[in-house]
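Please look over the sequence and the fold before reading on. The paragraphs below move from the whole chain to single residues.

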Amino acid sequence: MQRYSILWADDEIDLLKPHIIFLEQRGYDITPVNNGADAVELCEEKNFDVVFLDEHMPGMSGLEALSQIKNNKPNLPVVMITKNEEEQIMEEAIGSKIADYLIKPLNPSQILLSVKKILENKRLVIEKTNLNYQQEFQKISMAFQDRMNHEQWADIYKKLVYWELQIDQADNNDMGEVLDMQKSEANANFSKFIMRNYDAWLNDPKAEKPLLSHQLMKRKVFPEIGKGKPVFLIVIDNLRFDQWKTIEPELSEYFNVDQEETYYSILPTTTAYARNAIFSGQMPTEMAQTNPDLWVGEDEDEGKNNFEEEFLAKQLRRNNLTVKLSYHKIKNLEEGRSLADTVNNLFQNDLNVIVYNFVDMLSHARTDMAMVRELAPDESAYRSITKSWFLHSPLIEILKKIADKNARVIITTDHGTIRVKRPFKIIGDRAVNSNLRYKQGKNLGYEGDKVMQAPKPERLGLPKLNISSTYVFAIEDQFFAYPNNYNYYVNFYKDTFQHGGVSMEEMIIPIIFLTSKNAS
């Protein structure tokens, strides 16, 4: 077992001999000194794992010693010990980035707890996380044996995300591999669940069904309008539930989370289908039939999401809602900064929609740019880079300004992504779309049944380019690859984040309701 070295500075150090013996008996090496100057000098000469500093010592005070120690070794943990409970002293010590603050008289257990919290935190967290996940592992695996409904699947996915984040924090690769295997098993069963039930969700009035993309505005957003405060709907595309949980703590200073829910993206889980469905309140077939001037098909080169504001205006009229509306789509840094500068002008509106495209750009950049692939080689790094972007983006500045006013904020997304690992061979003609997670066209050729087939697209609310058009969706962590240049194609796209198909990460997505903590 590793032995830790502790420097303890106190002008009454002889009186602390019983505490020192107590720590030494538990495997800690203690170096005692009776003044701040000696503590500073020893910290320069030797390496310690933690320093205990008495705040009130003659000559150089504990706070003065703390300042010099931190100047030389900013990462060395320092515990301030004092009889003084004045708030000013506490604030000065905390502002100097102390590791802990203890009030005399001390007791041995109090000291031991502080030491363990500082020096053995990682080991203890790993051990406890492993034990707790091992206990939960069996429960989750047993759930796969049952015929779960959509709510139970959402709960399972949330539990897996919770453990993914816990294991992430514990930095335990071994347990992470076990979790990856369980997630793969979950996605295999989830894909079977979707293949059994998705048709019924759209066609059977009696089927137990989740909230879907085209129902989101009517069921969740419109009821928030007209309650005396403006509504801000922020759609961050490609935002998975785990990414939301990563940025949630950064918003906790400014907002209360009133509700944290999930809903299901329609298929294909892409911007063109799922996000248009959100704003139109319609399935793709209905969009194509009733708004042929706004719907852009797979055979057209035009951008597929250029008419979201028009779709939304039509949906508002269908629901007899007369509202003052603003719509902003942020595609780059400059547009984000511009909105951050002018967001205060939006509080006069009933509904403000902000579509933020960064996470989608990140996923595509990760595919196309070697540097981004290096930065985000797995889910943990992908979450980390998302958090880093968020903390330095105009979006958090926009949210801070909204938090200063009395407004309702709803954060959601159109679909998630999954890291694809296994190629699935498919053949199609030149007219077949390029998405790696679903294919639409005629005469699609593939072997086996490890895909979700849609020979009758109209059953799934999907338009057909011609009478023999079909859709096929990749499941689990597969991606479609053509036999031509197969090896190059596989090497280029393996371990990239894609969307369009069937997985928990793509389909079970967050919708969050926030209220300001500090509204004026």
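A residue is called buried when its relative accessible area is under 20%, exposed when that area is over 50%, and partly exposed in between, using a 1.4 Å probe and protein chains only. At 70% relative accessibility, Asn320 therefore counts as exposed. Asn320 lies in the loop between α13 (308-318) and β8 (325-330), where helices (H or I, at least four residues) and strands (E, at least two) are DSSP runs numbered from the N terminus. Although Asn320 is not a glycine, its phi is positive, at about 55°. Asn443 is also a residue other than glycine with a positive phi, near 60°, and its place is the loop between β13 (438-441) and β14 (451-454). Because its relative accessible area is 66%, Asn443 is exposed.

This is a predicted model, in which local features need a pLDDT of at least 70 and side-chain atom pairs count only at pLDDT 80 or more, while totals for chains, interfaces and linings use all residues. Residues are numbered from 1 along each chain as its sequence is written, and side-chain values use heavy atoms, with hydrogens and water left out. The predictor's confidence in each residue is expressed as pLDDT, from 0 to 100; the protein chain averages 89, and 93% of its residues score at least 70. Among the elements of the chain, helix α20 (residues 504-507) has the highest mean pLDDT, 98, and helix α15 (residues 358-368) the lowest, 57. Where pLDDT is low, the predicted coordinates should not be read in detail.

Taken as a whole, the protein chain has 20 helices and 18 strands, and its C-alpha atoms fill a box of roughly 90 × 55 × 45 Å along the principal axes. Of its 520 residues, 54% are buried. If contact is taken to mean heavy atoms within 4.5 Å, then among the contacts with a separation of 6 or more, 74% come from residues 24 or more positions apart.

Aromatic side chains offer a way into the interior. Rings of Phe, Tyr and Trp (its six-membered ring) pair if their centres lie within 6.5 Å, and planes under 30 degrees apart count as stacked, over 60 as edge-to-face and the rest as tilted. A search of the whole structure finds 30 aromatic pairs. In one of them, Phe424 and Phe480 meet edge-to-face, with 5.9 Å from centre to centre and 75° between the planes. This pair links distant parts of the chain, 56 residues apart, since Phe424 belongs to strand β12 (residues 422-425) and Phe480 to strand β16 (residues 478-481). Both Phe424 and Phe480 are buried. Elsewhere, one aromatic cluster is formed by Phe144, Trp153, Phe190, Phe193, Tyr198, Trp201 and Tyr264.

Some rings also have a charge over them, meaning that NZ of Lys or CZ of Arg is within 6 Å of the ring centre and within 35 degrees of the ring normal. Lys405 lies over the face of Phe347, 4.5 Å from the ring centre, and the charged end of Lys425 sits over the ring of Tyr486, at 4.7 Å from its centre.

Helix α17 (residues 379-391) has 13 residues, and the expected span, 1.5 Å times one less than the number of residues, is 18 Å, which agrees with the 18 Å between its end C-alpha atoms. At the start of α17, a side-chain oxygen of Asp378 reaches to within 3.3 Å of the backbone nitrogen of Ser380. The buried residues of α17 include Ala381, Tyr382, Ile385 and Trp389. Two of its residues, Ala381 and Ile385, are touched by Leu375, not counting residues up to four places away in sequence. Leu375 is found in helix α16 (residues 370-375) and is partly exposed, because its relative accessible area is 49%.

What does the side chain of Thr515 contact? A polar contact is a pair of N or O atoms within 3.5 Å; within protein, one must be able to donate a hydrogen and the other to accept it, and residues adjacent in sequence count only if both atoms are side-chain atoms. The side chain of Thr515 makes such a contact with the side chain of Asp258, at 3.1 Å. Thr515 is located in strand β18 (residues 508-516) and is buried, because its relative accessible area is 17%.
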